[in-house]
Amino acid sequence: MTLKPSEPSLPTRHAPSRLRSWVLALLRITYSVYALVLFLALGLATLLIGLLMPGVQRRRAVARAMARTFLWFAGMRLYIKWPERIPSGQCVVVANHASYLDGVVFTAALPARFAFVIKREMADVPLMGIALRRLGSEFVERFDRQRGATDARRVLRNAINGHSLVFFPEGTFTRTPGLLRFHTGAFATAARAGCPVVPAVVRGTRAALSPRGDLPRPGRIEVEILPAITPETRLPEETALELRDRARQAILAELGEPDLTYSDDTAPPPDTTHERSARESRL
């Protein structure tokens with residue numbers, strides 16, 4: 001009589017798969033702790049140097065070096081396509097927004113002469129608000145119309161004085177990949193300052209630090225600089241709308257993500273004159 005070997009039980013057969021999952025989960029958690037400690041250490045060093053070092057340009061150069069150091073040691077390798085498209089003079093850079101990591105990435109990618117235009121809530125974040133102020137960041141109120149208009153005028157004055165700025169004109173990002181509607185503040189600033197708008201596309205930050213709350217992970221991050229768009233010599237309000245539409249179309253064409261503006265749930269209302277003038281007053 002021939003005895004057939006008994007088949008392994010279900011728990012035994014799945015043991016290697018479960019062990020692999022546990023190992024991967026442990027590695028993800030270990031990497032996340034490492035990345036957090038690295039970010040906090042470099043961020044604290046940037047803050048301390050920023051408090052002691054005179055000159056905003058020097059402080060921005062330090063922040064740029066620290067951002068590049070973080071991305072390198074975190075295994076988030078940064079690649080910049082067409083950096084020569086950034087004008088040597090004043091300009092306004094606008095980019096899609098996909099993750100909290102975007103600010104770090106553009107700090108690392110752009111020359112130190114750029115100031116970031118950031119939602120005012122960030123000014124109240126402990127330590128980070130101080131660091132951002134020392135780097136010459138521009139804070140803009142999103143919910144109080146009167147205060148937002150005051151902030152917009154201050155940003156415009158700085159732009160007219162020759163400052164180069166960085167905006168994320170969507171104003172926020174979503175858990176769903178895609179490009180949201182653009183606010184006109186960045187483009188109104190460029191139109192009134194008479195400087196070009198430089199669209200840029202960032203890829204990979206959504207996977208590296210997902211808005212869904214997933215743990216961070218290493219990977220390739222790419223910033224592509226698109227051709228600059230020069231304002232037309234006509235009314236600033238009309239020019240701002242044209243710059244917005246052209247920049248958004250250029251980013252959308254290269255991004256490879258859906259246009260969330262025209263989805264069923266986010267379709268914009270008709271662009272009436274009243275609504276247009278109201279948006280022009282905001283950033």
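1. L51 belongs to helix 2. In this predicted model, L51 is partly exposed, its relative accessible area being 44%. Because membership of a surface patch requires over 30% relative accessible area, L51 at 44% meets that part of the criterion. The patch in question is nonpolar, covers about 590 Å², and is built from L44, L48, L51, L52, L127 and I130. Helix 2, spanning residues 15-52, provides the largest share of this patch, with four residues.

2. The interior should be considered next. The largest nonpolar core contains 37 residues, and those with the most contacts inside it are F70, L71, M76, V93, L101, F106 and I221. At least two residues of this core come from each of the following elements: helix 2, helix 3 (56-73), strand 2 (92-95), helix 4 (102-109), strand 3 (114-119), strand 6 (197-203) and strand 7 (219-225). A second core, separate from this one, has 27 residues, among them V94, L179, L243 and A247.

3. V93 merits individual attention, as one of the residues with the most contacts inside the largest core. When neighbours within four places in sequence are set aside, V93 is in contact with L110, F114, L165, V166, F167, V198 and A200. V166, one of these contacts, also stands opposite V93 in strand 5.

4. Which residues of strand 5 lie on each side, and are they buried or exposed? S164 and V166 are on one side of strand 5 (residues 164-167), L165 and F167 are on the other, and all four are buried, so that both faces are covered. In a regular strand, side chains alternate between the two faces of the sheet.

5. The pairing of strand 5 may be described from two directions. Strand 2 pairs with strand 5 in the parallel sense, over three bridges. Strand 3 also runs parallel to strand 5, and three bridges join these two strands. V166 is a bridge partner in each case: V93 stands opposite V166, and F116 has V166 as its bridge partner in strand 5.

6. Charged pairs form a further topic. The model contains eight salt bridges. One of them joins the side chains of R154 and E138, with an N to O distance of 3.0 Å. This pair links distant parts of the chain, since R154 lies in helix 6 (residues 145-160) and E138 in strand 4 (residues 138-140), 16 residues apart. R154 is partly exposed, with a relative accessible area of 23%, whereas E138 is buried, with a value of 7%.

7. How many residues apart in sequence are the parts tied together by E257 and R206? Their side chains meet in a salt bridge at 3.9 Å, N to O. E257 is located in the loop between helix 9 (236-255) and helix 10 (273-280), and R206 in helix 8 (residues 205-208), so the pair ties together parts that are 51 residues apart in sequence. E257 is partly exposed, its relative accessible area being 23%, while R206 is buried at 13%.

8. The side chains of R220 and E222 also meet in a salt bridge, at 3.0 Å from N to O. E222 is buried, with a relative accessible area of 12%. Through salt bridges that share partners, R203, R220, E222 and E224 are joined into one network.

Notes
Residues numbered from 1 in each chain as written. Predicted model: local features only at pLDDT ≥ 70, side-chain atom pairs only at ≥ 80, totals over all residues. Heavy atoms only, no water. Patch = residues over 30% accessible without salt bridge, like charges linked within 9 Å, V, L, I, M, F, W, Y side chains within 5 Å. Areas by Shrake-Rupley, 256 points an atom, 1.4 Å probe, with all protein chains shown as cover. Salt bridge = Lys/Arg side-chain N within 4 Å of Asp/Glu carboxyl O. Buried < 20%, exposed > 50% of the residue type's maximum accessible area, 1.4 Å probe, protein only. Core = buried A, V, L, I, M, F, W, Y, C linked by side-chain atoms within 4.5 Å. Contact = heavy atoms within 4.5 Å. Pairing = 2+ DSSP bridges.
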